[in-house]
Amino acid sequence: MSSKLKNAKRIEGLDSNVWVEFTKLAADPSVVNLGQGLPDISPPTYVKEELSKIALVDNLNQYTRGFGSDLGPCPCAADGKTTELNPRPCPFSLESSCLSSVTTAVLTVSGHPSLVKALSCLYEKFYQNQIDPNKEILVTVGAYGSLFNAIQGLIDEGDEVIIIVPFYDCYEPMMRMAGATPVFIPLRSKAVCGKKWSSSDWTLDPQELESKFNSKTKAIILNTPHNPLGKVYTKEELQLIAHLCIKYDTLCISDEVYEWLVYTGNKHLKIATFPGMWERTVTIGSAGKTFSVTGWKLGWSIGPHHLIKHLQTVQQNTIYTCATPLQEALAQALWIDIKRMDDPECYFNSLPKELEVKRDRIVHLLESVGLKPIVPDGGYFIIADVSSIDADLSDMMNNEPYDYKFVKWMTKNKKLAAIPVSAFCNSETKSQFEKFVRFCFIKKDSTLDAAEEIIKTWNRQRSQSGQNV
Amino acid sequence: MLWNAAAICVPLVGLLRGRKAGAPLTQGLHQALTMARLLQARRLEGTEHNPWVEYVNLANEYKDAVNLGQGFPNFPPPDFALEAFQQAVSGDHMLNQYTSAFGHPPLTKVLASFFGKLLGQELDPLTNVLVTVGAYGALFTAFQALVDEGDEVIIIEPFFDCYEPMTHMAGGHPVFVSLRPSPSQDHQDLDSCSNWQLDATELASKFTPRTKALVLNTPNNPLGKVFCKAELELVASLCQQHDVLCISDEVYQWLIYDTHQHVSIASLPGMWERTLTIGSAGKTFSVTGWKVGWVLGPDNIMKHLRTVHQNSVYHCPTQAQVAVAQCFEREQLLFGQPSSYFVQLPQAMQRCRNHMIHSLQSVGFKPVASQGGYFLTVDISNFKSKMPDLPGAAHEPYDRCFVKWMIKNKGLVAIPVSFFYSGPHQKDFDHYIRFCFVKEEATLRAMDEKLQKWKAKLKL
């Protein structure tokens, strides 16, 4: 085979992927899969219904008019009373009747008109200022696509980018693909005496964090609530990061996909709302995580136009637009919940309540078998220290981190799948996290029941054998 | 001093206007001071400009204009496609979750078997097929995977406009070679794009040791040229001789008219191992809004596209893939039969094309009969000689001025063909505009009305 048909340098070394290996392992139907972050609960009925309704509309099967324009009045009444929902699906054609006259030519793609409008209406409540749906929002292929667009649009070869460890695994390869140098800083746990180990016990050392910033630092990636730990960054922690971003004139890419999944006693805060931060922050959200529809692959970036326009340029040179019917259905689903933000029925309120129960259940389960879980303040994952289990890992590959071996052993022998936390670490920090394993708890009760059965059996085997395994 | 103060005040005033009452002034001040650091990545250089927007906005402003510009059908998708999608979204709730990253298994399976037959290859759904976000996403993935800084990419003009910025974003250098109309042998009323050809010597001269890839688009957008076997053999022999990758954009492969035949270059000897064949559900099933595309190729090249894919979008939406799989399963059973959509659609579109050719000719346009695809390229030289001075920016190619004038005054939207040419060549091809004929009957009748009004005003 000729040598010319080889890969571009930008992807050198980026071909491996932890998920490919572990999803294959968990694909065995007899395995209870608490690995990949995939809900097996049904999305809310009204969300499914909106998509079914939209699927009956012929003209939503063509390209959306992804360019900006005047989108007309917001369907939300200013006085808080409910009004009629935006009644017409936004047709694809340029002669759309739901658009009022074009005011200015907007030069880039932003997203399906009714969706960017809904997103701006939702997030204005949090940002305390109007968000221009055409210039300050971009709809992407999942939050994953937003991360890609932000990195490709804003990060250059030679730039340094600070990544907090553990990190959602795509941050590092995406940075490397952009030619940037990732600079890692681990979260560190304080000693926990007596009380339950919580994700809030894991913090960044302020001096250590500042030492990572220099004139080459282009950005820091923040993920709150955090995957895999479930940490919800506090006001003070965000203030520190903000202070450093301003001091070193750095961007912040804030991955907030789990923003609605925050448990009692915690509040999600948006770093972009802190003084001096709007102008330097791209905030990323996800339909998949918001409405339990990961397969819709819709996400969004919100930020000032001088940043978003570069993400829009990337979009216009990569996929151009996202799927129309899904965007329209998402818009309609958002309108339903936007109108009842304080209502317990609003999915943004009901889902975290539902998940907190599951969280508490899984904490109990993991403790009962001798694992040491770290109780997450947010998100739908929980990590546990597995070092107290004396698993016989002798027939696993030697050169793999402990948690990789443990997960493979647990999948094979206990029929319970999880993800090794060192998959969320760079090579230097893997050893700090190799005793931790991540479990996903956005699972229906029957899945958690099956996990409970496995745990009970595991426990019986431990007490029968007298060994801690 | 005053200028500086004003420079700060203007954005501040704008910000304050947009602010809700009670928002702190300090917040506004912070927003007015943007980051000092250079923001955008260098890879975006040369890719920001989007010439489409001006025309999209114009078309929207002139609501009575008949939109024959952008390439999408305005008739419904076929019933079986709508039903497939309806089933996908109201069936198993787990279809609302992630599917396999490189393609939903039922879809990659049917693509492998369907196209395997057409290409004469045994295709493995896992290694020879990748599902992408539209063919657009497939193109991007291919460029990022294989084009390096300094690589040359041969692009045949006129070209679908994204090839050039995608080459730039990958750090590559586009090298253009034009299809040129040869003078017709005898005086013909209707020009055909088979007359538009590559000069073999010129094409060969474009290959250098730095040439990494050649982008082929057949049927071609905007011309509608269907490259014949001999032409593809020429391209193939040069690609093999110079060890060059062929990126073959075949989104319109089913839209073939008259007696022409679509040939996939990957099916020619020696080409499978160096070709990426790109297809589109949007163009295949008239569902452009589903944004499902695919790439077919040998594993040793496809693995690099998988790497890009897993680091860019990772998964494509599940339900649209489910629906496309079902559509292909149906077509597989009906292949070659009269009820096949791949037979019915081109038959119907050929009628649209012929209707449009006839109507445009009556006003003095000279259509170049397309052999395939969605579009008709039309020679406007008559108008250029009669109305040489239309409003427009200095040095703006004539076809752009003409289209804007036509939208505003004649109520018809088309796209200037100079969009599809590289900068230096736009002036040579500024007397062509592109119409999309993949439209419902009512749209073509509306077009006829506009043309009749136009004709009445012409002093013939």
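In the predicted model, helix H15 of chain B is largely enclosed by the rest of the structure, because eleven of its 13 residues are buried, that is, they fall under 20% relative accessible area. The buried positions of H15(B) comprise B:Tyr398, B:Asp399, B:Arg400, B:Cys401, B:Phe402, B:Val403, B:Lys404, B:Trp405, B:Met406, B:Ile407 and B:Lys410, a list in which charged side chains such as those of B:Asp399, B:Arg400, B:Lys404 and B:Lys410 appear beside aromatic ones such as that of B:Phe402. These buried residues pack against helices H3 (52-61), H14 (381-386) and H16 (441-457) of chain B, and also against strands S14 (412-413), S15 (415-416) and S16 (432-436) of that chain. The helix runs over residues 398-410, and since a rise of 1.5 Å a residue predicts a span of 18 Å, the separation of 17 Å between its end C-alpha atoms agrees with expectation. Just after H15(B), B:Gly411 adopts a positive phi of about 65°.

B:Phe402 of this helix is also among the four residues that touch the most other members of the largest nonpolar core, the others being A:Phe439, B:Leu214 and B:Phe365. This core holds 311 residues, and helix H6 of chain B (residues 134-146) makes the greatest contribution to it, with nine residues. Around A:Phe439, the contacts beyond four places in sequence are formed with A:Leu34, A:Ile362, A:Leu366, A:Leu371, A:Tyr380, A:Phe381, A:Ile382, A:Ala384, A:Met410, A:Leu416 and A:Ala418.

A buried charged residue is found elsewhere in chain B, where B:Arg353 lies in helix H13 (residues 341-361). With a relative accessible area of 4%, B:Arg353 counts as buried, because the limit for that class is 20%. Leaving aside residues up to four places away in sequence, B:Arg353 touches B:Tyr257, B:Asp258, B:Ser370, B:Leu376 and B:Phe437.

The contact between the two chains draws on 99 residues from chain A and 97 residues from chain B, and buries an area of about 8600 Å², of which 53% comes from carbon and sulfur atoms. Two salt bridges are counted between chain A and chain B, and a salt bridge joins the side chains of A:Asp156 and B:Arg42 at 3.6 Å, N to O. Polar contacts across the interface amount to 44 residue pairs, with both residues at pLDDT 80 or more. On the side of chain A that touches chain B, the elements giving two or more residues include helices H2 (45-54), H3 (113-127), H4 (142-154) and H5 (171-177), together with strand S7 (217-223); H4(A) gives the most to this side, with seven residues.

Key
Residues numbered from 1 in each chain as written. Chains lettered and ligands numbered in written order. Predicted model: local features only at pLDDT ≥ 70, side-chain atom pairs only at ≥ 80, totals over all residues. Heavy atoms only, no water. Core = buried A, V, L, I, M, F, W, Y, C linked by side-chain atoms within 4.5 Å. Buried < 20%, exposed > 50% of the residue type's maximum accessible area, 1.4 Å probe, protein only. Helix = DSSP H or I, 4+ residues; strand = E, 2+ residues; numbered from the N terminus. Contact = heavy atoms within 4.5 Å. Expected span 1.5 Å × (residues − 1). Buried area = accessible area lost by both parts, 1.4 Å probe. Salt bridge = Lys/Arg side-chain N within 4 Å of Asp/Glu carboxyl O. Polar contact = N/O pair within 3.5 Å; in protein donor to acceptor, adjacent residues only side chain to side chain.
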